[in-house]
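Biologist: I'd like a close look at one part of this protein: the charged side chains that pair up, and what surrounds them. Could you walk me through it?

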Amino acid sequence: MTAVCRRFFVSGRVQGVFFRATTSRVARGLSLTGYARNLADGRVEVLACGPGQTVDELEQWLWQGSSASSVDDVSSDVVDVDPPAGFTTG
């Protein structure tokens, strides 16, 4: 399978509700690399790298989010970056 890297921007109630930590756990469970970090405008940015189908699985989960979150929108684009090692929160 070909590895891809996609950057997602998730909006809604996604900060202060364990969204990043839960995203990291789900991404690691899918063997993806990348990061999840809060943005100043209230969104969360997620970079996910791995097999395309697996990145798609994470995207589906992002729409659900953590149990305390409320996701309004998920947008994404393919990015040309070297895949990072592991998955981190920042």
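Modeller: Let's start with the term we need: a salt bridge here is a side-chain nitrogen of Lys or Arg within 4 Å of a carboxyl oxygen of Asp or Glu. Keep in mind that this is a predicted model. In general, side chains of opposite charge can pair when their charged atoms come close.

Searching the whole structure turns up 5 salt bridges. The one to zoom in on joins the side chains of Asp56 and Arg6, with N and O 2.7 Å apart. Asp56 sits in helix H2 and Arg6 in strand E1, so to speak two distant parts of the chain, 50 residues apart. Arg6 has another partner, too: Glu59, where the closest N and O atoms are 2.8 Å apart. Because Arg6 belongs to strand E1 and Glu59 to helix H2, this pair ties together parts that lie 53 residues apart in sequence. Put the three together and you have Arg6, Asp56 and Glu59 linked in a network of salt bridges.

How buried or exposed are Arg6 and Asp56? Arg6 has a relative accessible area of 12%, so it counts as buried, since the cut-off for buried is under 20%. Asp56 comes out at 39%, which means partly exposed.

Now for the setting. Strand E1 (residues 3-13) runs antiparallel to strand E3 (residues 44-51), and 8 bridges join them. One residue of that pairing to look up is Cys5, whose bridge partner in E3 is Cys49. Helix H2 (residues 52-64) packs on the sheet, where it touches E1, E3 and E4, and its direction makes about 150 degrees with that of E3. The sheet itself is open, with 5 strands in the order E4-E1-E3-E2-E5 and mixed pairing. Its edges are strand E4 (70-78) and strand E5 (87-89), each of which pairs on one side only. From one strand to the next, the twist averages 20 degrees.

For another salt bridge, look at Asp41 and Arg43, whose side chains meet at 2.8 Å, N to O. Asp41 is exposed, at a relative accessible area of 52%, whereas Arg43 counts as partly exposed at 27%.

Notes
Residues numbered from 1 in each chain as written. Predicted model: local features only at pLDDT ≥ 70, side-chain atom pairs only at ≥ 80, totals over all residues. Heavy atoms only, no water. Pairing = 2+ DSSP bridges. Helix = DSSP H or I, 4+ residues; strand = E, 2+ residues; numbered from the N terminus. Axes fitted to C-alpha atoms, helices over the stretch in contact; angles between N-to-C directions. Contact = heavy atoms within 4.5 Å. Buried < 20%, exposed > 50% of the residue type's maximum accessible area, 1.4 Å probe, protein only.
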